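Colleague: Can you take me through this one? I would like to go contact by contact.

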Amino acid sequence: MLKIIIPTIMLMPLTWLSKKNMIWINTTTYSLLISLISLSLLNQPSNNSLNFSLMFFSDPLSAPLLVLTTWLLPLMLMASQHHLSKEPLIRKKLYITMLTMLQTFLIMTFTATELISFYILFEATLVPTLIIITRWGNQTERLNAGLYFLFYTLMGSLPLLVALISIQNLTGSLNFLLIQYWNQALPDSWSNIFLWLACMMAFMVKMPLYGLHLWLPKAHVEAPIAGSMVLAAILLKLGGYGMLRITTMLNPQTSFMAYPFLMLSLWGMIMTSSICLRQTDLKSLIAYSSVSHMALVIVAVLIQTPWSYMGATALMIAHGLTSSMLFCLANSNYERTHSRTMILARGLQTLLPLMAAWWLLASLTNLALPPSINLIGELFVVMSSFSWSNITIILMGTNITITALYSLYMLITTQRGKYTHHINSIKPSFTRENALMALHMTPLLLLSLNPKIILGFTY
Amino acid sequence: MAAGLLGLCTRRLLAAAATRGIPAARVRWESSSSRAVIAPSAVVGKRGPEPTTRWQEDPDTEDENLYEKNPDSHGYDKDPAVDLWNMRVVFFFGFSIVLVLGSTFVAYLPDYRWSRNLLALAVFAFFQGASPRSLDHLDLNAAQIEDRSKRAV
């Protein structure tokens, strides 16, 4: 793992020691090379996991998430170049340092063997994200957004710390590799019910579960583009990853404790999809869409069947790439009109036809068009939830319909129709923007040819 | 009512003239039914006072159009040389190196489930009493991957 962690840490001195006109070139180049190295983790020869050391390991669940994390850093750097062009050099370097620090913590979080180490790194990712949102966000609401983001996650995760320490006392170890062989069921008692809640709430807030999701639209909307990208693509998946790991030690309580959260997720996915239909703010629409997709992942994780785990993993990777791309597209509008209001930048297909093609592809993958991996993930989740309870098909089907509705609504509002009279002063698309969209879409389309690498450890 | 509508149209015309700076026709209209009078401003041709807030839709005056100084701009930097090299680096490392080499690597990853199955069969056969030489002649078709569709969903 050090072959990925050390180069990532070294991106920080690279940024500070680079010449003024080379900072973006150097950091983009090396972060792309780091993402190439991380692909080697997809080679999983063992049935169990790839153990690098006592501290780091990877298995078919964490490897795709790690590759997604390392792939996203160069994309974030490319997306941020324009809005930082007016900033002083020191602040540009600070921004890149924050992104790199976040990247390092994320890599270590996904590969940590020990749960306390996972927890510390999980919390550590909050700090650079908070700095990015509150320092480089565009509106005054960013301060409130930062507060919501920080305190929602902290409130959920402090009980987790207590629970982890208690489990460490009970079992003697919190190592993932050992805990999977811990066959002792948790006895049925009130304290174990609270233990279950304490363990799961942090990840429920992170996902986020409908009801605890209020931080997400604020944080996603107020964050600058790199902040929105990393929040939507990776940080939400930390919650999913944590839930997938921690449920191995929480049986048999999960079978009955999961019910209220399953209900909240099933209902919440419809509510948040419906809210998307009423949004005027483009970034807010994409943020609520993320809540809806993550609700599917929560359902999958709590059902705990092999197919649902496959669906959850596939959906996390697919949604990561799709929503990051949607935020980049929204940002390309924002850089031109300085507004997130959808109807202010409408009819763009006539003016920016290539960008319209990217909008179309992103909207189609968002609504899980076959044969994309979004469909594979959603379909696996729908099938396993139908198997769990036949009646969920009604809610799932409604959600899929409404997802299609708001994705097409977003596409049609921004691209079709007559453009507004003030919009003829917008600049044509840059190569940078088209390359950014292509670098999002190409892995997504390539994965639909070989989805088995993202189907997790139950494949 | 016709008078009212006429007054409305005149007011709209004069308002449009005031905001768009079109030279206003010297129209003065007096209502016959009421004491309403519509007349252009005495200082015709001058636009109304600028609003205190800019229209959000107007291009930001601080926005630099990269295409102005460099029509071949790729959107990375103001300096054309840095911009060009940045574009080259992104395309070379992003597409040619990572996507091409990476997808080739992933495509050629072996199917470990098959090889593990085969090994398990061979070891089982060996412990059942098969001679060690039988390991040299393994039935490659015997290592069937489990039919996942028959598994519990």
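Modeller: The side chains of Q279(A) and S284(A) are joined by a polar contact of 3.0 Å. A polar contact here is a pair of N or O atoms within 3.5 Å; within protein, one must be able to donate a hydrogen and the other to accept it, and residues adjacent in sequence count only if both atoms are side-chain atoms. This is a predicted model, where local features need pLDDT of at least 70, side-chain atom pairs count only at pLDDT 80 or more, and totals for chains, interfaces and linings use all residues. Side-chain values use heavy atoms, with hydrogens and water left out; residues are numbered from 1 along each chain as its sequence is written, and chains are lettered from A and ligands numbered from 1 in the order in which they are written.

Colleague: Where does Q279(A) lie?

Modeller: In the loop between α12 and α13 of chain A. Helices (H or I, at least four residues) and strands (E, at least two) are DSSP runs, numbered from the N terminus.

Colleague: And is Q279(A) buried or exposed?

Modeller: Q279(A) is buried, with a relative accessible area of 13%. Buried means under 20% relative accessible area, exposed over 50%, and partly exposed in between (1.4 Å probe, protein chains only).

Colleague: What does Q279(A) touch, not counting residues up to four places away in sequence?

Modeller: Leaving those out, Q279(A) touches S284(A), L285(A), Y288(A), M342(A) and Y409(A). Contact means heavy atoms within 4.5 Å.

Colleague: Switching to charges. How many salt bridges does the structure hold over all chains?

Modeller: There are 6 over all chains. The rule asks for a side-chain nitrogen of Lys or Arg within 4 Å of a carboxyl oxygen of Asp or Glu. One of them pairs R245(A) with D59(A) at 2.8 Å, N to O.

Colleague: Which parts does that pair tie together?

Modeller: R245(A) is in helix α11 (residues 225-246) of chain A and D59(A) is in the loop between β2 (57-58) and α3 (62-80) of chain A, so the pair ties together parts 186 residues apart in sequence. Both R245(A) and D59(A) are buried.

Colleague: Any in the loop that holds Q279(A)?

Modeller: D281(A) meets R340(A) in a salt bridge, 3.0 Å from N to O. D281(A) sits in the loop between α12 (253-277) and α13 (282-303) of chain A, and R340(A) in the loop between α14 (306-337) and α15 (348-351) of chain A, so this pair ties together parts 59 residues apart in sequence. R340(A) is buried at 17% relative accessible area, and D281(A) is buried at 16%.

Colleague: What about E335(A) and R432(A)?

Modeller: Their side chains form a salt bridge at 3.5 Å, N to O. It links distant parts of the chain: R432(A) in helix α19 (residues 431-447) of chain A and E335(A) in helix α14 of chain A, 97 residues apart. R432(A) is buried, with a relative accessible area of 1%; E335(A) counts as buried at 6% relative accessibility.

Colleague: Now the interface. How many residues of chain B are in contact with chain A?

Modeller: 41 residues of chain B are in contact with 51 residues of chain A. The area buried between the two chains is about 4,000 Å², and carbon and sulfur atoms give 65% of it. Buried area is the accessible area (1.4 Å probe) that two parts lose on being put together, summed over both.

Colleague: How many salt bridges cross the interface of chain B and chain A?

Modeller: The rule finds 1. K86(A) forms a salt bridge with E64(B), with the closest N and O atoms 3.3 Å apart. There are also 8 residue pairs in polar contact across the interface (both at pLDDT 80 or more).

Colleague: Which elements of chain B give two or more residues to that side?

Modeller: α2 (66-69), α3 (80-107) and α4 (112-127) of chain B. α3(B) gives the most, with 18 residues.

Colleague: What is the order of elements in chain B?

Modeller: From the N terminus on, α-β-β-α-α-α. Of its 153 residues, 22% count as buried.

Colleague: Where does UniProt put the transmembrane region of chain B?

Modeller: The unreviewed UniProt entry places it at residues 89-109 of chain B. UniProt positions are in the numbering used here, feature names are shortened, and annotations may be inferred rather than shown by experiment. In the model that span is 90% helix and 0% strand, and its end C-alpha atoms lie 27 Å apart.
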